[in-house]
Amino acid sequence: MLQKIYHLIQNQWLFICQYFSFTKRDRNGVKVLIILIFFSIIIRKSIEMNLFNHTRFPSTTESENLFYSLSSYPKNNYPNFLKTNNSYKSQRFNQKDSGNYRKYIPPNYMKKEFVIWLNSADTLDFQQLRGIGSAYAKRIVAYRERLGGFICKEQLMEVWGIDSILYYNLEPFLRLNNVSLHLLSLNDADIYQLKRHPYLDYYQAKEIIKHREKYGSFKNIQELRKVNLIDEGTFLRLKPYLSVEISYKNKDSTP
């Protein structure tokens, strides 16, 4: 009977090997691999059984003696080797009940009364806003100085790196205060002061200087529309920051 089973298994094995196109060397390798797997399983099971047999579990009498010995200790006064995190938790709750614990202090941007004044805040004030670090704060202050001051909160999106998503997260905490703007004099500023403004480039500033040299001083701000390269959009953006007054230094030098 066993011989028939052996021949049957051998025939099936040969059929499988022929089906997968195994060579004789491959068949021998598979046989060795199966034998190694079989012996590794046996060795592992034997090790686990030995470890289980050598593990000593307390008997029922020992567990009863331990229970009765613990009952003799007063509450919250167990031996050191039996203390767990439960005693630590009870100490925390006792401290909380007695008031000796640190209260949660929310950050400034979560307070309803927390606001930032755009035209007077410094870099440290801007860093209190969520999402604004030291780099962003320096850019905002530098852009405000070049611009002459903010006239609307949406101008904050003109700062490099501040997109619409970040702006709408900051907008509830921003306020505009009535700080006088730093005006740019059309009759007094040189080409470097003109091109430093964010709304003017070098070529537009050059055309303003040429127009002033050719036609004289600007009588009013509306004359800026006659300058080449100054379109309607640029004029409307610049208008709140422009002036035709001459500083006292240049008044003394004028003939």
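**Entry 1: N187**

I began with N187, which sits in the loop between β3 (184-185) and α8. The model is a predicted one, so I read every value below as computed. Is N187 buried or exposed? I found a relative accessibility of 12%, and N187 therefore counts as buried, since the cut-off is under 20%.

I then looked for what the side chain of N187 reaches. One of its polar atoms lies 2.9 Å from the backbone oxygen of V244. Setting aside residues up to four places away in sequence, I listed R212, S217, F218, V244 and I246 as touching N187. V244 thus appears in my notes both for the polar atom pair and in the list of contacts.

**Entry 2: helix α9**

R212 from that list led me to helix α9, which covers residues 202-215. I counted 14 residues in α9 and a reach of 20 Å from the first C-alpha to the last, close to the 20 Å expected at 1.5 Å a residue.

Which residues of α9 are buried? I noted Q204, A205, E207, I208, I209, H211 and R212. An α-helix has 3.6 residues a turn, so residues three or four places apart point the same way. The cover over the buried residues of α9 includes α8 (191-196) and α10 (232-238).

I checked both ends of α9 as well. At its start, a side-chain oxygen of D201 comes to within 3.4 Å of the backbone nitrogen of Y203. After α9 comes G216, which has a positive phi, near 90°.

**Entry 3: N119**

Next I looked up another asparagine, N119. N119 is placed in the loop between β1 (116-117) and α5 (123-126). Its relative accessible area is 12%, and N119 is buried. What does the side chain of N119 reach? I found the backbone nitrogen of F150 at 2.7 Å.

Leaving out neighbours within four places in sequence, I wrote down R144, G149, F150, L176, N177 and V179 as the contacts of N119.

**Entry 4: salt bridges**

How many salt bridges are there? I counted three.

E171 pairs with K153, and their closest N and O atoms are 2.6 Å apart. This pair links distant parts of the chain, 18 residues apart: E171 is in the loop between α7 (164-170) and β2 (174-175), and K153 is in the loop between α6 (134-147) and α7. I noted E171 as partly exposed, with a relative accessible area of 27%. K153, at 19% relative accessibility, counts as buried, because the cut-off is under 20%.

R237 pairs with E158, with 4.0 Å between the closest N and O atoms. This pair also links distant parts of the chain, with R237 in helix α10 and E158 in the loop between α6 and α7, 79 residues apart. R237 is partly exposed, with a relative accessible area of 44%. E158 is partly exposed too, with a relative accessible area of 32%. Helix α10, which holds R237, is also among the elements that cover the buried residues of α9.

E232 pairs with R225, the closest N and O atoms being 2.8 Å apart. At 39% relative accessibility, E232 counts as partly exposed. R225 is partly exposed, with a relative accessible area of 31%.

**Entry 5: a nonpolar patch**

I turned to the surface. Which residues make the nonpolar surface patch of about 600 Å²? I listed I35, F38, F39, I42, I43 and I47. I looked up F39 and found it in helix α2 (residues 24-54). F39 is partly exposed, with a relative accessible area of 47%.

**Entry 6: the whole chain**

I left the totals for last. The chain has 11 helices and four strands. It holds 255 residues, of which buried residues make up 23%. N187 and N119 are both buried.

The exposed area of the chain is about 20,000 Å², and carbon and sulfur atoms supply 57% of that area. I also looked at how far apart in sequence the contacting residues are. Among contacts between residues at least 6 apart in sequence, 50% join residues at least 24 apart.

Conventions
Residues are numbered from 1 along each chain as its sequence is written. This is a predicted model: local features need pLDDT of at least 70, side-chain atom pairs count only at pLDDT 80 or more; totals for chains, interfaces and linings use all residues. Side-chain values use heavy atoms; hydrogens and water are left out. Patches are made of residues with over 30% relative accessible area and no salt bridge: like charges are joined within 9 Å, nonpolar side chains (Val, Leu, Ile, Met, Phe, Trp, Tyr) within 5 Å. Accessible areas come from the Shrake-Rupley method with a 1.4 Å probe; for residues, only the protein chains shown count as cover. A salt bridge is a side-chain nitrogen of Lys or Arg within 4 Å of a carboxyl oxygen of Asp or Glu. Helices (H or I, at least four residues) and strands (E, at least two) are DSSP runs, numbered from the N terminus. Buried means under 20% relative accessible area, exposed over 50%, partly exposed in between (1.4 Å probe, protein chains only). The expected span of a helix is 1.5 Å times one less than its number of residues. Contact means heavy atoms within 4.5 Å. A polar contact is a pair of N or O atoms within 3.5 Å; within protein, one must be able to donate a hydrogen and the other to accept it, and residues adjacent in sequence count only if both atoms are side-chain atoms.
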